[in-house]
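Visitor: I have a structure to look at and would like to ask about its strands and its core. Please take me through them.

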Amino acid sequence: MNQQLSADTRLTSPTSPAPAATGDSPSAVLAVPPAPPAEAAALLRAALARHTDVSDVAADLATGAPAFTLVDSRSTAAWDQGHVPGAVHLPTASIPALADRLLDRARPVVTYCWGPGCDGATRAALALAEQGFRVKEMLGGFEYWVREGFAYDTADGPRTPAPDPLTAPLRAADDCGC
(Lines give C-alpha, C1' and ligand atoms only; values in the text may rest on other atoms or scores of the structure.)
Protein backbone atom coordinates (compact mmCIF):
# COMPACT_ATOMS: atom_id res chain seq x y z
CA MET A 1 0.00 0.00 0.00
CA ASN A 2 1.63 3.23 -1.12
CA GLN A 3 0.23 6.43 0.30
CA GLN A 4 1.63 9.87 -0.13
CA LEU A 5 1.62 11.91 3.08
CA SER A 6 1.90 15.66 3.35
CA ALA A 7 4.63 17.25 5.44
CA ASP A 8 2.01 18.25 8.03
CA THR A 9 0.85 14.67 8.61
CA ARG A 10 2.00 13.35 11.95
CA LEU A 11 2.03 9.61 12.42
CA THR A 12 2.08 7.79 15.73
CA SER A 13 2.22 4.13 16.51
CA PRO A 14 0.16 2.57 19.28
CA THR A 15 3.26 2.66 21.49
CA SER A 16 4.43 6.19 20.72
CA PRO A 17 2.87 9.21 22.36
CA ALA A 18 0.65 11.53 20.37
CA PRO A 19 2.33 14.73 19.28
CA ALA A 20 2.04 17.61 21.69
CA ALA A 21 -0.71 20.01 20.74
CA THR A 22 0.50 23.44 19.81
CA GLY A 23 -1.08 26.57 18.47
CA ASP A 24 -0.40 25.29 14.96
CA SER A 25 -1.73 21.80 15.64
CA PRO A 26 -3.71 20.30 12.74
CA SER A 27 -6.02 18.79 15.36
CA ALA A 28 -9.02 20.82 16.46
CA VAL A 29 -9.43 18.37 19.35
CA LEU A 30 -5.86 18.77 20.59
CA ALA A 31 -5.42 22.49 19.88
CA VAL A 32 -5.92 22.80 23.64
CA PRO A 33 -4.17 19.80 25.19
CA PRO A 34 -5.98 17.47 27.59
CA ALA A 35 -5.61 18.20 31.28
CA PRO A 36 -3.03 16.16 33.18
CA PRO A 37 -4.57 12.89 34.44
CA ALA A 38 -4.88 13.93 38.11
CA GLU A 39 -6.48 17.25 37.17
CA ALA A 40 -8.83 15.53 34.70
CA ALA A 41 -9.82 12.95 37.34
CA ALA A 42 -10.62 15.69 39.87
CA LEU A 43 -12.72 17.64 37.34
CA LEU A 44 -14.57 14.54 36.17
CA ARG A 45 -15.23 13.40 39.76
CA ALA A 46 -16.62 16.86 40.51
CA ALA A 47 -18.90 16.64 37.46
CA LEU A 48 -20.23 13.25 38.60
CA ALA A 49 -20.84 14.71 42.07
CA ARG A 50 -23.20 17.23 40.45
CA HIS A 51 -24.78 15.16 37.66
CA THR A 52 -26.42 11.82 37.07
CA ASP A 53 -28.13 10.45 34.01
CA VAL A 54 -31.56 9.20 33.09
CA SER A 55 -30.61 5.52 33.01
CA ASP A 56 -29.07 5.60 36.48
CA VAL A 57 -32.12 7.41 37.88
CA ALA A 58 -34.42 4.85 36.24
CA ALA A 59 -32.39 1.94 37.63
CA ASP A 60 -32.51 3.37 41.15
CA LEU A 61 -36.24 4.15 40.94
CA ALA A 62 -36.87 0.59 39.74
CA THR A 63 -35.55 -0.73 43.07
CA GLY A 64 -38.60 0.80 44.75
CA ALA A 65 -36.41 2.42 47.38
CA PRO A 66 -34.13 4.99 45.77
CA ALA A 67 -31.69 6.76 48.09
CA PHE A 68 -32.68 10.17 46.73
CA THR A 69 -35.76 12.28 46.03
CA LEU A 70 -36.42 13.14 42.40
CA VAL A 71 -37.75 16.67 41.84
CA ASP A 72 -39.50 17.91 38.70
CA SER A 73 -38.89 21.66 38.68
CA ARG A 74 -41.26 22.50 35.80
CA SER A 75 -44.64 24.23 35.78
CA THR A 76 -47.94 22.51 36.52
CA ALA A 77 -48.82 22.50 32.81
CA ALA A 78 -45.51 20.76 32.01
CA TRP A 79 -46.02 18.30 34.90
CA ASP A 80 -49.49 17.44 33.58
CA GLN A 81 -48.06 16.91 30.09
CA GLY A 82 -45.72 14.27 31.50
CA HIS A 83 -43.44 13.54 34.44
CA VAL A 84 -41.32 10.75 35.88
CA PRO A 85 -43.36 8.43 38.12
CA GLY A 86 -42.40 8.98 41.74
CA ALA A 87 -41.06 12.49 41.21
CA VAL A 88 -42.03 15.32 43.52
CA HIS A 89 -43.49 18.32 41.73
CA LEU A 90 -41.67 21.39 43.01
CA PRO A 91 -41.44 24.26 40.52
CA THR A 92 -38.28 26.30 40.97
CA ALA A 93 -40.18 29.44 42.00
CA SER A 94 -41.83 27.46 44.83
CA ILE A 95 -38.62 26.06 46.31
CA PRO A 96 -38.14 28.79 48.96
CA ALA A 97 -41.68 28.30 50.30
CA LEU A 98 -42.17 24.53 49.86
CA ALA A 99 -38.83 22.71 49.90
CA ASP A 100 -38.77 22.11 53.65
CA ARG A 101 -42.35 20.81 53.60
CA LEU A 102 -41.87 18.47 50.64
CA LEU A 103 -38.28 17.28 50.97
CA ASP A 104 -36.21 15.49 53.60
CA ARG A 105 -32.90 17.26 54.16
CA ALA A 106 -31.27 13.92 55.00
CA ARG A 107 -31.88 12.64 51.44
CA PRO A 108 -30.02 13.89 48.38
CA VAL A 109 -32.23 15.51 45.76
CA VAL A 110 -32.00 14.98 41.99
CA THR A 111 -33.58 17.71 39.88
CA TYR A 112 -34.80 17.61 36.32
CA CYS A 113 -36.48 19.95 33.87
CA TRP A 114 -37.37 19.67 30.15
CA GLY A 115 -34.08 18.61 28.59
CA PRO A 116 -30.51 19.47 27.70
CA GLY A 117 -31.52 22.79 26.16
CA CYS A 118 -33.09 23.97 29.42
CA ASP A 119 -31.27 25.10 32.54
CA GLY A 120 -34.30 24.77 34.81
CA ALA A 121 -32.80 21.77 36.62
CA THR A 122 -29.66 23.82 37.27
CA ARG A 123 -31.71 26.71 38.66
CA ALA A 124 -33.69 24.35 40.88
CA ALA A 125 -30.51 22.60 42.07
CA LEU A 126 -28.96 25.98 42.87
CA ALA A 127 -32.03 27.11 44.82
CA LEU A 128 -32.01 23.85 46.79
CA ALA A 129 -28.25 23.95 47.42
CA GLU A 130 -28.57 27.52 48.69
CA GLN A 131 -31.13 26.20 51.18
CA GLY A 132 -28.72 23.51 52.37
CA PHE A 133 -29.91 20.48 50.36
CA ARG A 134 -27.45 18.07 48.73
CA VAL A 135 -28.30 18.03 45.02
CA LYS A 136 -27.54 16.55 41.62
CA GLU A 137 -29.04 17.26 38.22
CA MET A 138 -30.43 14.55 35.95
CA LEU A 139 -28.74 15.16 32.60
CA GLY A 140 -31.09 15.03 29.64
CA GLY A 141 -34.15 15.88 31.71
CA PHE A 142 -37.64 14.73 30.88
CA GLU A 143 -36.83 14.72 27.15
CA TYR A 144 -34.26 11.97 27.53
CA TRP A 145 -36.41 10.08 30.01
CA VAL A 146 -38.99 9.76 27.24
CA ARG A 147 -36.43 9.24 24.46
CA GLU A 148 -34.86 6.34 26.35
CA GLY A 149 -38.28 4.68 26.48
CA PHE A 150 -39.03 4.95 30.20
CA ALA A 151 -42.66 5.08 31.31
CA TYR A 152 -44.06 8.41 32.41
CA ASP A 153 -47.27 9.73 33.89
CA THR A 154 -49.55 12.38 32.42
CA ALA A 155 -52.75 14.05 33.56
CA ASP A 156 -54.51 11.52 31.29
CA GLY A 157 -52.70 8.45 32.63
CA PRO A 158 -49.42 6.58 32.16
CA ARG A 159 -47.54 6.27 28.87
CA THR A 160 -44.63 4.12 27.74
CA PRO A 161 -42.86 5.38 24.63
CA ALA A 162 -40.68 3.33 22.30
CA PRO A 163 -36.99 4.02 22.86
CA ASP A 164 -35.22 6.31 20.40
CA PRO A 165 -32.46 4.18 18.79
CA LEU A 166 -30.12 7.18 18.93
CA THR A 167 -30.32 7.38 22.72
CA ALA A 168 -31.00 3.88 24.04
CA PRO A 169 -30.74 0.21 23.14
CA LEU A 170 -33.90 -0.97 21.39
CA ARG A 171 -34.21 -4.13 23.48
CA ALA A 172 -34.69 -3.78 27.23
CA ALA A 173 -32.26 -6.68 27.79
CA ASP A 174 -29.44 -4.80 26.03
CA ASP A 175 -27.08 -2.54 27.93
CA CYS A 176 -25.45 0.49 26.33
CA GLY A 177 -22.18 -0.40 28.01
CA CYS A 178 -21.54 2.91 29.72
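Visitor: Which way do the residues of strand β2 point, and are they buried or exposed?
Guide: This is a predicted model, in which local features need pLDDT of at least 70, side-chain atom pairs count only at pLDDT 80 or more, and totals for chains, interfaces and linings use all residues. Residues are numbered from 1 along each chain as its sequence is written, and side-chain values use heavy atoms, without hydrogens and water. In a regular strand the side chains alternate between the two faces of the sheet. In β2 (residues 69-72; strands are DSSP E runs of at least two, numbered from the N terminus), T69 and V71 point one way, L70 and D72 the other, and all are buried (under 20% relative accessible area, 1.4 Å probe, protein chains only).

Visitor: In β4, what is the bridge partner of D72?
Guide: β2 and β4 pair in the parallel sense over four bridges; pairing takes at least two DSSP bridges between two strands. In β4, the partner of D72 is Y112.

Visitor: Which residue in β3 stands opposite D72?
Guide: Strand β3 (residues 88-89) also pairs with β2 in the parallel sense, over two bridges. Opposite D72 stands H89.

Visitor: Which element supplies the largest share of the largest nonpolar core?
Guide: A nonpolar core is a set of buried Ala, Val, Leu, Ile, Met, Phe, Trp, Tyr and Cys residues joined through side-chain atoms within 4.5 Å. The largest has 14 residues, and V57, L70, V84, Y112, M138 and W145 touch the most other members. At least two residues each come from α2 (54-62), β4 (109-112) and α6 (141-147). The largest share, three residues, is from α2.

Definitions and conventions:
Buried means under 20% relative accessible area, exposed over 50%, partly exposed in between (1.4 Å probe, protein chains only).
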